[in-house]
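Please walk through the model shown here with attention to how its helices are covered and how its aromatic rings are arranged.

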Amino acid sequence: MAEVQLTEGTFEVDGQSLFYRRAEPAHQSPTLCVLLLHGIRFSSENWLNLKTLSKLAEAGYRAVAIDLPGLGKSKQATPPVPLGQLAPASFLQRVFTALALSPSVVISPSLSGSYTLPFLLEHTDLVKAYVPVAPICTEKFTAAQYANIKTPTLIVYGDQDEQLGEISLKNLKNLANHKVMVMKGAGHACYLDNPDEWHHGLLEFLKTLA
């Protein structure tokens with residue numbers, strides 16, 4: 001098993017301090033960067049405890065998880081818009097700049113869809129691949145807008161997620177280059193219900209990007 005280097009710290013966006021965690025291989029250059037966001041009840045700590053950060057680093061990737069403004073250890077920061085409304089695409093662009101991120105795979109559960117969907121549509125050059133996990137706000141865009149996006153996408157949801165699972169799939173399946181991963185017996189935060197299946201599916205998808 002590859003040795004992993006875990007670090008954490010803060011960075012500034014729009015004069016506000018945001019918290020991040022980073023995991024990467026200790027003795028080799030990472031082959032790809034993965035940015036992990038989170039839902040309203042969670043933070044980057046979720047990806048630490050679930051071992052998603054370490055598993056990505058063990059596989060040779062740099063994994064960066066941030067706490068969105070107003071949540072987790074970024075709770076003192078003010079969100080660019082009220083939580084649950086579409087955030088300007090420029091917010092994540094500034095995150096990429098502040099953390100010196102290369103084009104990255106973006107993992108986007110639930111609430112974070114309000115940040116990542118505008119970003120995906122306006123900054124496809126920065127999104128190496130997209131992994132939406134039952135994100136909110138998918139209905140804010142048209143089928144034609146989605147169809148113009150060629151970014152490799154892995155749509156993930158739990159089949160017990162009656163609120164956002166099917167809704168997000170209905171809209172996101174209009175993306176031109178997508179695969180679907182349905183987690184049987186899992187709810188909205190499907191990665192918590194079956195971490196092994198989540199990690200296996202995610203890592204297999206990342207291998208296809210090489």
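**Helix α4 and its surroundings**

In this predicted model, the residues of α4 that count as buried are Gly 113, Ser 114, Tyr 115, Thr 116, Leu 117, Pro 118, Phe 119 and Leu 120. The helix, which spans residues 113–122, is therefore mostly covered, with eight of its ten residues falling under the 20% relative accessible area that defines the buried class. Among the elements that cover these buried residues are the helices α3 (89–98), α5 (143–147) and α6 (165–172), together with the strands β5 (104–109) and β6 (127–133).

One of the buried residues of α4, Tyr 115, also leads into the aromatic pairs, of which the count comes to eight. Phe 91 and Tyr 115 form a tilted pair, with 5.3 Å from centre to centre and 55° between the ring planes. Because Phe 91 lies in helix α3 and Tyr 115 in helix α4, this pair ties together parts that are 24 residues apart in sequence. Both partners are covered as well: Phe 91 counts as buried at 4% relative accessibility, and Tyr 115 counts as buried at 3%.

A further pair, between Phe 141 and Tyr 146, is edge-to-face, with a centre-to-centre distance of 6.2 Å and an angle of 75° between the planes. Here Phe 141 is buried with a relative accessible area of 14%, while Tyr 146 is buried with a relative accessible area of 1%.

Turning to another part of the chain, Phe 42, Trp 47, Tyr 191 and Trp 198 form one aromatic cluster. Two members of this cluster, Trp 47 and Trp 198, reappear in the surroundings of Thr 52, a residue that lies in helix α2, which covers residues 52–58. Which residues are in contact with Thr 52, once its neighbours within four places in sequence are left aside? They are Leu 36, Trp 47, Trp 198, His 199 and Leu 202, and Thr 52 itself counts as buried, at 0% relative accessibility.

As for annotation, an unreviewed UniProt entry lists residues 34–94 under the name "domain: AB hydrolase-1". Over that range the chain is 31% helix and 13% strand, and the C-alpha atoms at its two ends are 16 Å apart.

Methods
Residues numbered from 1 in each chain as written. Predicted model: local features only at pLDDT ≥ 70, side-chain atom pairs only at ≥ 80, totals over all residues. Heavy atoms only, no water. Buried < 20%, exposed > 50% of the residue type's maximum accessible area, 1.4 Å probe, protein only. Helix = DSSP H or I, 4+ residues; strand = E, 2+ residues; numbered from the N terminus. Contact = heavy atoms within 4.5 Å. Phe/Tyr/Trp six-rings, centres within 6.5 Å; stacked < 30°, edge-to-face > 60°. UniProt positions renumbered as here; feature names shortened; annotations may be inferred.
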